[in-house]
Amino acid sequence: MFRHPNISYAGPAAAANQSMFVRPLSVVGSAQTVVGVWRPWHQPRCSWLIGQSYKQHPQRHTTSKKHSTFSWNEWRRPGVLPNAAHRGGFHLSAGRMDRPDKEPPLKRRKSTEDKGTGEQVKLQHSWRRSAPRESREASPPWLRNVIGVPLTPGKFPSRPESKAELKRQWEDLSVLYDCEPQTDGSLREKTFDFSVMSYNILSQELLLSNAYLYKHCNPHILEWRHRFTNIIKELEQHSADIMCLQEVQEDHYQRQIKPRLESLGYHCEYKRRTGRKPDGCAVVFKRDRFSLLSCHTIEYFRRGIPLLDRDNVGLILLLQPVEPSGSACSVCVANTHLLYNPRRGDIKLAQLAMLLAEINRVADRADGSTCPVLLCGDFNSVPWSPLYSFIKESQLEYVGMPIGKVSGQEESSRGQRILTAPIWPPSLGISQQCQYEHQPKEAQVKEQQASLNGVDKARIEHGLKLTSAYSHRLKGSRRPEITTCHSRSAITVDYIFYSASRDGSVQTDCSVPAARGLQLLARLALVGEAELREVNGLPNEINSSDHLPLIAQFRLHS
């Protein structure tokens, strides 16, 4: 047995050939097993017991492939992540996706089977299991970006949580139409003014599953009791006529959110994600402003179609204004939350095509026209990306496009698969024009084969004329608007798209009736990265989601 020269031992010295174990190794297991047990137990005080090789790698530990972790500095090492070059401000990390088809770590979806003994316990456990190596290192760059100063590893800001409130101003766009929102009855027989909100309220289960995204937050502001109070206060404050909500956790919706909104005069419709996912989408509207004509749910999961194996959903309502002096024109309101995975643009396009096909069916009129459409939600795509352009431009030429480029969330397309025609199989029953196909199977197969041999097969289209309620640039500057922010990104992924009257052209005189459609009268301005940094990012003491609500006022023309 080796005896260290600088340590005194009680008792007589052991003989050179005397075993250090009372029982033979065959009784307690192999030498590797014993050393493996001793190593973590004795290493902090007696690392010399296990030799120099372990001292050279003091941070080595055993993890499964699923939960393997690397430190922030290891991920930033040249050659590990080519796309993770340092950039100022917030950014979207490409970490931990070693295969193009692998789901990324951000916003990991948590099953409802994972239950704890209490929210506080679950929150504490989440901090332990989220990025354990990072918690023992110096604060990474993204943490400095959010709060402006480095933190002691594992510590929260010593100063009280900032209660500074984001300053968001209403932008009046009615001057573009040479008209004001209705104040008298001069136009009430032809138009109907209303407001719309789109808001990802952040599911509590997803927050707990992804606690490493919120390490800049004091734990108490992440508790559901605090967050629910703030979210309801925010919804009441804005009091939108129609609200499209995403990441609405089902148990919270049934027990708290729905009863509270119903008490405020709202009618509520909800669709939970498929599988065992805990959250979903909700569309609520004021009963004294609209009546429900029909409600339609869309499940993007399709058994037998490998491309559509995700549990995202959509919800579509056909609403009718109820005021006697209001417009007789109905409105189609759609709400969705598309797949997050930045490297699966093919899935996102297929999900969007399914949603557009259903919107076409619901909004179709007897005379062949389409009623005005509002398309809201979290599309997990940035402005001017191919997916965004497809919604606005009504077409997309996609062949040869890397699947990771579709949403614009990643800059590099190295090692990614290329989109090929067709994106979705004919068995889905949706044409390349994003409409349901009602043809016999043989004719459908022939048409698909002809499309594959044609020159225009590399393009998908839709018949809705949609534009965005937001410009994606802050007024008076070229800085980008931000709709979502946490410890690793600050970007725009949330939108309100609408059917613009007269194909979106500016109406110069409100006395002239506009074509069937919607006029954008006003919108609640978004903020930039600098403004978010001043309030400690998202969530914070006042804003209890990692998204900001989008709110716009419209005028409906019959």
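In this predicted model, the count of aromatic pairs comes to 13. One of them brings together phenylalanine 379 and phenylalanine 497, whose rings meet edge-to-face, with 5.6 Å from centre to centre and 80° between the planes. The two partners come from distant parts of the chain, 118 residues apart: phenylalanine 379 belongs to the loop between β9 and α11, while phenylalanine 497 is part of strand β15. Both phenylalanine 379 and phenylalanine 497 are buried.

A second pair also involves strand β15. Here tyrosine 388 and tyrosine 495 are tilted, with their centres 5.4 Å apart and their planes at 45°. Tyrosine 388 sits in helix α11 and tyrosine 495 in strand β15, so this pair ties together parts of the chain that lie 107 residues apart in sequence. What about exposure to the surroundings: is tyrosine 388 buried or exposed? The cut-off for buried is under 20% relative accessible area, and tyrosine 388, at 4% relative accessibility, counts as buried. Tyrosine 495 has a relative accessible area of 2% and is buried too.

Now for the sheet that β15 belongs to. It is an open sheet of six strands, put together with mixed pairing in the order β6-β7-β8-β9-β15-β12. Strands β6 (290-299) and β12 (466-468) are the edges, each pairing on one side only. On average, neighbouring strands in this sheet are turned by 20° against each other, direction ignored. Within the sheet, β9 (residues 373-378) and β15 (residues 494-499) run antiparallel and are joined by five bridges. Across this pairing, leucine 375 stands opposite phenylalanine 497 of β15, the residue that also makes the edge-to-face pair with phenylalanine 379.

Two helices go with this sheet. Helix α11 (residues 386-393), home of tyrosine 388, packs on the sheet and touches β9, β12 and β15, its direction making about 125° with that of β12. Helix α10 (residues 345-363) lies across β6, β7 (313-321), β8 (331-337) and β9, and it runs at about 150° to β6.

Aromatic rings turn up in other settings as well. Which residues make up one aromatic cluster? Phe192, Phe194, Phe290, Tyr498 and Phe554 do. Of these, Phe290 carries a number that falls in edge strand β6 (290-299), and Tyr498 one that falls in β15 (residues 494-499). Finally, a charge meets a ring at tyrosine 470: the charged end of arginine 523 sits over that ring, 5.9 Å from its centre.

Key
Residues numbered from 1 in each chain as written. Predicted model: local features only at pLDDT ≥ 70, side-chain atom pairs only at ≥ 80, totals over all residues. Heavy atoms only, no water. Pairing = 2+ DSSP bridges. Helix = DSSP H or I, 4+ residues; strand = E, 2+ residues; numbered from the N terminus. Axes fitted to C-alpha atoms, helices over the stretch in contact; angles between N-to-C directions. Contact = heavy atoms within 4.5 Å. Phe/Tyr/Trp six-rings, centres within 6.5 Å; stacked < 30°, edge-to-face > 60°. Buried < 20%, exposed > 50% of the residue type's maximum accessible area, 1.4 Å probe, protein only. Lys NZ or Arg CZ within 6 Å of the ring centre and 35° of its normal.
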